Each structure stands twice: as C-alpha cells, then as structure tokens.
Number of protein chains: 2
Amino acid sequence: MLELAILGLLKEQELHGYELKKRLTETLGPLSSVSFGSLYPALNRLEAAGAVKAVEANEDPTTPIPMTGSLGGEAAAFRERARRAERPQRAGRSRKVYGITDKGQKLFDELLAAESSSADDDRAFNLRLAFARHLPPEARLGLLERRRAHLVERLAKARAAIRNRRERLDDYSRSLMEHGNEATERDISWLDRLIERERTNRAAPDTTTEAPSA
Amino acid sequence: MLELAILGLLKEQELHGYELKKRLTETLGPLSSVSFGSLYPALNRLEAAGAVKAVEANEDPTTPIPMTGSLGGEAAAFRERARRAERPQRAGRSRKVYGITDKGQKLFDELLAAESSSADDDRAFNLRLAFARHLPPEARLGLLERRRAHLVERLAKARAAIRNRRERLDDYSRSLMEHGNEATERDISWLDRLIERERTNRAAPDTTTEAPSA
DNA sequence: TACCGATATATCGCTTCGATACATCGGTAA
DNA sequence: TTACCGATGTATCGAAGCGATATATCGGTA
C-alpha cells in the first residue's frame with residue numbers, strides 16, 4: 001500500500017521523506033494521509049529490499065544532482081559544505097534523498113497490477129487510480145469496473161440493512177447513512193463517467209492520454 | 001475509538017462479538033468497518049478495565065436472560081443443554097454475550113465528549129455523530145461546527161495545492177482530486193443542514209427529535 | 001543570547017488489520 | 001450414514017499504520 005505510493009512518486013522524481021509526505025497528502029488527498037511513523041519504516045523496508053536507494057542530498061528537487069562517487073566520504077562532506085555556502089537559504093536538518101531503482105520499477109508494476117483488495121479498499125483504489133496512467137488500458141478499465149461493481153454491492157447492502165432493521169434509528173444515524181449512500185451513488189456516477197471516457201479513448205487512443213509529459 | 005463504538009452499541013442492548021461486528025458495519029457504514037482482529041482484543045481490554053462484563057449466553061438478544069448464579073458451573077452447563085434442546089435452531093459455536101457496566105457508561109461519556117481528533121479524523125467524527133443523541137445540545141453543535149471548520153480548511157488546502165503545483169497533473173489524478181473536493185463541498189452543505197436543524201431544535205426542543213419515527 | 005518555529009529524520013508503544021486457526025451446528029448430496 | 005460445505009462464532013499472530021515524542025539544524029526575532 002504505502003510502498004506503492006512511495007514508488008509511484010519516486011518514479012517521477014527523486015524525493016526525501018519530508019517532501020514525500022507532503023506530496024502524498026496532496027496527491028492522494030487528506031484521507032489516506034500518511035504519518036512519519038509509517039513513512040520512514042516503509043522507506044527503510046524499500047531500501048533494504050533494493051527498491052529504492054539514497055542519492056546525494058540536494059536542495060532543489062526539481063533539478064536533481066546525480067550522485068557521483070561514494071556516500072559519506074570527505075568529498076561528500078566537502079560538497080555538502082560547498083552546497084551550504086552556495087545556497088544557504090534552506091533551513092533544517094540535512095536531507096536524505098531517495099531514488100527508485102530498476103528493481104523498484106518492477107516492484108511498482110507488480111503492486112499496481114495486483115487485483116487483490118483494489119476494489120474493496122477505498123484507499124487502495126484511490127491510490128491505484130492516481131497511478132492509473134502507468135497501467136495498460138484494459139487493466140485500467142478492469143480496475144474501474146471492479147470498483148463500480150463493489151460500490152453497487154455496498155449500496156445494496158446498506159439499503160438492505162436499513163430495511164431489515166426493526167428498531168427505528170435516531171436522526172443522526174439516519175442522516176449519516178443517507179448522506180453516505182448519496183456519496184456512494186455519486187461515486188458510482190463518477191466511475192460511469194470515467195469508464196465512458198476510458199472506452200472512448202480506447203476507441204481513439206494516443207490523442208490525450210499518452211501525450212509525453214516531458 | 002473502537003472502545004467508544006462498542007460501548008455505544010452495548011448501551012442499547014447486550015451483544016456478542018460477531019453480532020457487534022455486524023452492527024458496527026451497519027451503523028458506521030462500510031468505511032470504518034472493523035476486523036475481528038481489532039474487535040476481540042478491544043473487548044478483552046474493556047473487560048479487563050471493568051467497562052463491560054460477560055453475561056450468560058442466550059440466543060435471542062432482543063429479550064436477554066439476566067445472569068443468575070456463577071459462570072461456568074454445572075448449573076450453567078445444564079441450562080446450556082436445556083437451551084439447546086429448547087431452541088435448537090441456532091447454529092455455530094456458543095456465544096459470549098457482553099453487557100455494559102456503570103464504569104462503562106462513564107467511560108462512554110468521557111470518550112464521546114473528548115474533543116481531541118473528533119474533527120480531523122473522519123471515522124472518529126462519523127462515530128461521534130452516530131452517538132450524538134447521547135451528547136448535550138451544546139456539545140453536539142460544537143462537534144458539528146468544529147467538523148465544518150475542519151472541512152473548509154481541508155478544501156482550501158486542497159485547492160491551494162492544485163494552484164501551487166507547477167507541473168500539470170494527469171487526467172486520473174485531477175479527476176480524483178476534483179471528485180474529492182466536490183465530496184468535501186457536499187459534506188459541508190450537509191453539515192450546514194445539520195447545524196441549521198440543530199439550532200432550530202434548540203430554539204424549540206423536544207418536538208421532533210424525540211418523536212417516534214415508526 | 002536565548003528562544004521559537006519550520007524543516008527533517010527516526011523510534012516507541014499501541015492499535016488495527018488481514019489471514020488464519022479452531023470449534024460447532026444445519027443442510028446436502030454421494 | 002457419513003462426509004463435506006457453509007454459516008456462525010471466538011481467538012490469535014505477524015505485519016503495518018498511527019500519534020506522540022525525541023533529536024537535530026537552521027533562520028528569524030525579541
């Protein structure tokens with residue numbers, strides 16, 4: 001779950017933990033937000049698995065400086081001093097910038113393509129949709145359709161639960177349920193639009209979706 | 001979190017674990033669903049704390065049989081055999097029915113009234129709203145208003161994050177964000193209606209809230 | 001000079017989750 | 001009749017996530 005998110009962001013550019021967390025909450029929304037207590041252990045797991053590796057620290061993530069030479073040597077210390085003297089405008093502790101490896105790329109594809117619990121788990125679905133552009137069109141369509149089927153079933157169950165309930169429920173619970181069901185209905189309509197768009201694009205591919213992002 | 005939900009349901013009637021899980025997913029929605037791996041340890045914690053206690057097993061939770069005599073004696077075994085002979089229609093392993101104690105009632109009130117993380121955590125808010133009828137009117141209004149303020153801030157941050165982003169984002173991520181923001185807007189409108197209703201009821205209490213909806 | 005707040009990495013304890021094991025009954029079909 | 005399946009039910013395990021907290025470094029400011 002978290003691994004997929006990290007790898008997906010590192011695929012686009014090298015990042016350090018703190019920035020990674022910011023992007024996660026921005027990209028995936030405030031729901032499915034991640035704490036440092038999850039993020040740093042996850043980064044360590046990924047590093048131990050060889051999926052990511054630490055590159056040299058640099059303060060401008062948009063123009064990453066590729067790592068030359070070994071880590072932690074006197075040369076690195078020198079560059080660090082030079083960097084601080086050159087651009088002293090950044091405050092705080094030194095960063096640990098991570099980049100994705102070939103192994104990580106493979107792992108990302110596997111995690112993204114895994115069908116298990118991508119329709120029933122809300123966060124897992126949102127995450128996969130956010131990286132859906134890395135998925136082949138058929139898999140994309142399958143993801144959307146499985147999600148739609150799951151939401152339809154969820155809605156049916158929720159309505160059945162209300163009908164089968166003999167005791168009356170109070171105003172607050174009822175309002176909560178009705179609001180939830182309306183949200184699910186809107187989710188389904190939204191998925192319908194996405195599925196429709198997907199089918200149209202599949203009929204006439206390579207016009208918008210796959211435009212090179214530089 | 002989970003403790004509050006368990007106590008809230010046990011306040012209404014005595015229940016066993018399996019049924020408790022069903023009610024949780026029904027009442028709180030499929031989100032904030034609970035696994036057995038959380039539920040049973042939570043029940044054990046509550047029992048150890050003296051907030052709930054196991055009562056004698058019975059198969060009809062709507063007309064609970066009060067516990068007489070000690071647990072696990074030969075008399076209990078006899079009654080168990082008699083029960084099975086009398087109403088053998090229920091399948092499955094023997095149940096462990098829990099009831100709330102006075103200490104549990106107090107704990108429930110404390111947990112429900114706790115303001116910390118009831119506005120920023122979605123599940124915590126939903127849970128508290130589901131039991132809002134046990135809250136004094138001012139606390140109820142405060143809960144709704146704090147939640148509204150939080151959602152407004154969340155929406156503002158999400159929009160700011162989109163504006164401040166220099167690289168354009170792909171169709172799927174954009175659709176995900178827009179859909180999420182629309183959902184937040186609707187949540188705010190929904191809260192506005194709840195707040196409005198709350199103020200009306202406070203001006204003229206006890207006319208609609210407590211009327212049987214039958 | 002001393003403190004505050006932002007940036008940044010890291011860990012601890014606790015809670016939660018998903019998977020699994022185990023147990024008991026009714027129903028069904030070989 | 002017996003053998004299996006599925007629903008009901010309690011329980012635990014390992015992994016992962018969370019909130020709180022510790023630690024460190026810098027710029028700004030009182």
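Two strands are taken to pair if DSSP finds at least two bridges between them. In this predicted model, strand β1 of chain B (residues 15-16) satisfies that criterion with strand β3 of chain B (residues 97-100), to which two bridges join it. The two strands run antiparallel. Within this pair, B:His16 stands opposite B:Val97 of β3(B).

Strand β3(B) also pairs with strand β2 of chain B, which spans residues 52-55. The sense is again antiparallel, and four bridges link β2(B) to β3(B). Here B:Ala54 faces its partner B:Tyr98, a residue of β3(B). Strand β3(B) thus pairs with β1(B) and with β2(B), because at least two bridges suffice for pairing.

Chain A contains eight helices and three strands. Along the sequence, these elements follow the pattern α-β-α-α-β-α-β-α-α-α-α. Of the 214 residues in chain A, 22% are buried. Contacts in chain A often span long stretches of sequence. Among those between residues at least 6 apart, 71% join residues at least 24 apart.

One helix pair in chain A was examined in detail. Helix α1(A) covers residues 2-12, and helix α2(A) covers residues 17-28. Their axes come within 11 Å and cross at roughly 100°. Angles of 65 to 115 degrees count as roughly perpendicular, so α1(A) is roughly perpendicular to α2(A). On the α1(A) side, the contact is made by A:Ala5, A:Ile6 and A:Leu9. Helix α2(A) contributes A:Leu20, A:Arg23, A:Leu24 and A:Leu28. By class, six of the contact residues are nonpolar, one is charged and none is polar.

The arrangement of the two chains was considered next. In general, two copies of a chain are related by a rotation about an axis and a shift along it. For chains A and B, the turn is 180° and the shift along the axis is 0.0 Å. This operation lays chain A on chain B with an RMSD of 0.0 Å. The two copies are therefore related as by a two-fold rotation axis. In chain A, the C-alpha nearest this axis belongs to A:Ala183 and lies 3.6 Å from it.

The interface was compared between the copies. Of the interface residues of chain A, 96% are also interface residues in chain B. The copies therefore meet through the same surface.

Note on methods
Residues are numbered from 1 along each chain as its sequence is written. Chains are lettered from A and ligands numbered from 1 in the order in which they are written. This is a predicted model: local features need pLDDT of at least 70, side-chain atom pairs count only at pLDDT 80 or more; totals for chains, interfaces and linings use all residues. Copies are superposed by least squares on the C-alpha atoms of residues with pLDDT of at least 70 in both. Two residues are in contact if their C-beta atoms, placed from the backbone, lie within 7 Å. Axes are lines fitted to C-alpha atoms, for helices over the stretch in contact, and angles run from 0 to 180 degrees between N-to-C directions. Angles under 35 degrees count as roughly parallel, over 145 as roughly antiparallel, 65 to 115 as roughly perpendicular and the rest as oblique. Ala, Val, Leu, Ile, Met, Phe, Trp, Tyr, Cys and Pro count as nonpolar, Asp, Glu, Lys and Arg as charged, and the others, Gly among them, as polar. A residue is buried if 20 or more other C-beta atoms lie within 10 Å of its own, exposed if 12 or fewer, and partly exposed in between; C-beta atoms are placed from the backbone.
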